[in-house]
Amino acid sequence: MDTAIAVVPMGLGHLRQVLDLGHQVFDTTIKPYTSWSLTAVAEHLDSPDNACWVALDSDRVVGFVLGSMEFEHRDDWAYLEWIAVAPDMQGHGIARRLVNVCSEALFARGARHIVTDVEDRNSASAALMTSSGFVPAATVTLLVRPNPDAPDDDTALPPITKRDLVRRGRLSIEHPLR
């Protein structure tokens with residue numbers, strides 16, 4: 001574990017670096033219902049849950065975690081939604097520290113369970129979450145049926161944002177998805 005790395009609550013001054021790091025490491029084409037955006041980060045930062053943390057090497061954000069007390073319609077379940085560590089800083093225990101501090105904050109806010117999801121090819125994240133006390137609870141397979149009349153070059157689905165779901169009436173503002 002790299003003790004020179006400070007883990008502190010995320011603040012407004014970290015926003016640009018968190019957004020940039022997320023763009024660097026996340027592949028949102030894998031889960032087309034997920035989008036990484038300024039809105040996604042700002043909504044987490046604006047919540048009262050104290051579940052957004054950054055790992056700092058001096059003044060450089062080298063990792064972050066974004067969690068919330070909002071998971072589906074469960075008031076007592078939390079969601080650890082986003083976690084990232086800069087590629088050059090991986091392997092130093094930063095991700096584990098971020099998961100632990102976020103989990104502690106969510107449990108302190110009243111979470112009975114914390115949910116996270118990991119894409120099945122991301123074995124490093126799956127190992128981190130399993131060793132951090134998360135256990136498999138459900139497997140969901142995203143099935144896609146392509147239009148046989150459409151060209152084959154459109155393999156990536158566009159991401160759907162929470163705002164899109166609210167506009168379409170598929171997500172209530174009182175019980176948001178994230």
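**Note on the predicted model: pocket, cysteines and selected residues**

1. **Pocket volume.** The second largest pocket holds about 890 Å³ of space. The model is a predicted one, and every value below is computed from it.

2. **Pocket lining.** How many residues line the second largest pocket? The lining has 32 residues. Those nearest the centre of the pocket are F26, I83, A84, N122 and S125. Sorted by class, 16 lining residues are nonpolar, nine are polar and seven are charged.

3. **Elements behind the pocket.** Three elements each supply at least two lining residues: β4 (77-85), α3 (94-108) and α4 (123-131). Which of the elements gives the most to the lining of the second largest pocket? Strand β4 does, with seven residues.

4. **Overall layout.** Five helices and five strands make up the elements of the chain. Read from the N terminus, their order is β-α-α-β-β-β-α-β-α-α. The chain has 178 residues, and 37% of them are buried. Take the contacts between residues at least 6 apart in sequence: 64% of these join residues at least 24 apart. The exposed area of the chain is about 10900 Å². Carbon and sulfur atoms supply 53% of that area.

5. **Cysteines.** The whole structure was searched for disulfides, and zero were found. C52 is in none; the nearest cysteine sulfur to its own belongs to C102, 7.2 Å away. Why is there no bond from C102? The sulfur of C102 has its closest cysteine sulfur in C52, and the 7.2 Å between them is too far for a bond. The cut-off for a disulfide is 2.5 Å between the sulfur atoms. Are the two cysteines buried or exposed? C52 is buried, because its relative accessible area is 7%, under the 20% limit. C102 is buried as well, with a relative accessible area of 0%.

6. **P9, in strand β1.** P9 belongs to β1, which covers residues 6-9. Is P9 buried or exposed? P9 counts as exposed, because its relative accessibility of 52% is over the 50% limit. Leaving out residues up to four places away in sequence, P9 touches H14, C52, W53 and V54. One of these partners, C52, is the buried cysteine of point 5. P9 can also be placed against L45, which lies 36 residues away along the chain. Their C-alpha atoms are separated by 9.7 Å.

7. **S103, in helix α3.** S103 sits in α3, an element that supplies at least two residues of the lining of the second largest pocket. S103 is buried, because its relative accessible area of 9% is under the 20% limit. What does S103 contact beyond its neighbours within four places in sequence? The partners are L80, I114 and F134. S103 and A51 are 52 residues apart along the chain, yet 7.8 Å separates their C-alpha atoms.

8. **N50, a positive phi.** Phi of N50 is near 55 degrees, a positive value in a residue other than glycine. Where is the place of N50? N50 is in the loop between α2 (38-45) and β2 (52-57). N50 is exposed, because its relative accessible area of 56% is over the 50% limit.

9. **S58, a positive phi.** S58 also has a positive phi, near 65 degrees, and is a residue other than glycine. S58 is found in the loop between β2 and β3 (60-68). S58 counts as exposed, because its relative accessibility of 65% is over the 50% limit.

10. **Points to keep.** The structure has zero disulfides. The lining of the second largest pocket includes 16 nonpolar residues. Of the residues discussed, C52, C102 and S103 are buried, whereas P9, N50 and S58 are exposed.

Definitions and conventions
Residues are numbered from 1 along each chain as its sequence is written. This is a predicted model: local features need pLDDT of at least 70, side-chain atom pairs count only at pLDDT 80 or more; totals for chains, interfaces and linings use all residues. Side-chain values use heavy atoms; hydrogens and water are left out. Buried means under 20% relative accessible area, exposed over 50%, partly exposed in between (1.4 Å probe, protein chains only). On a 1 Å grid over the protein atoms alone, a cavity is a set of points where a 1.4 Å probe fits but cannot get out, and a pocket is an open set with protein on both sides within 12 Å along at least five of seven lines; lining residues have an atom within 4 Å of a point. Grid points are joined across faces, edges and corners, and a volume is the space filled by probe spheres set on the points. Helices (H or I, at least four residues) and strands (E, at least two) are DSSP runs, numbered from the N terminus. Ala, Val, Leu, Ile, Met, Phe, Trp, Tyr, Cys and Pro count as nonpolar, Asp, Glu, Lys and Arg as charged, and the others, Gly among them, as polar. Contact means heavy atoms within 4.5 Å. Accessible areas come from the Shrake-Rupley method with a 1.4 Å probe; for residues, only the protein chains shown count as cover.
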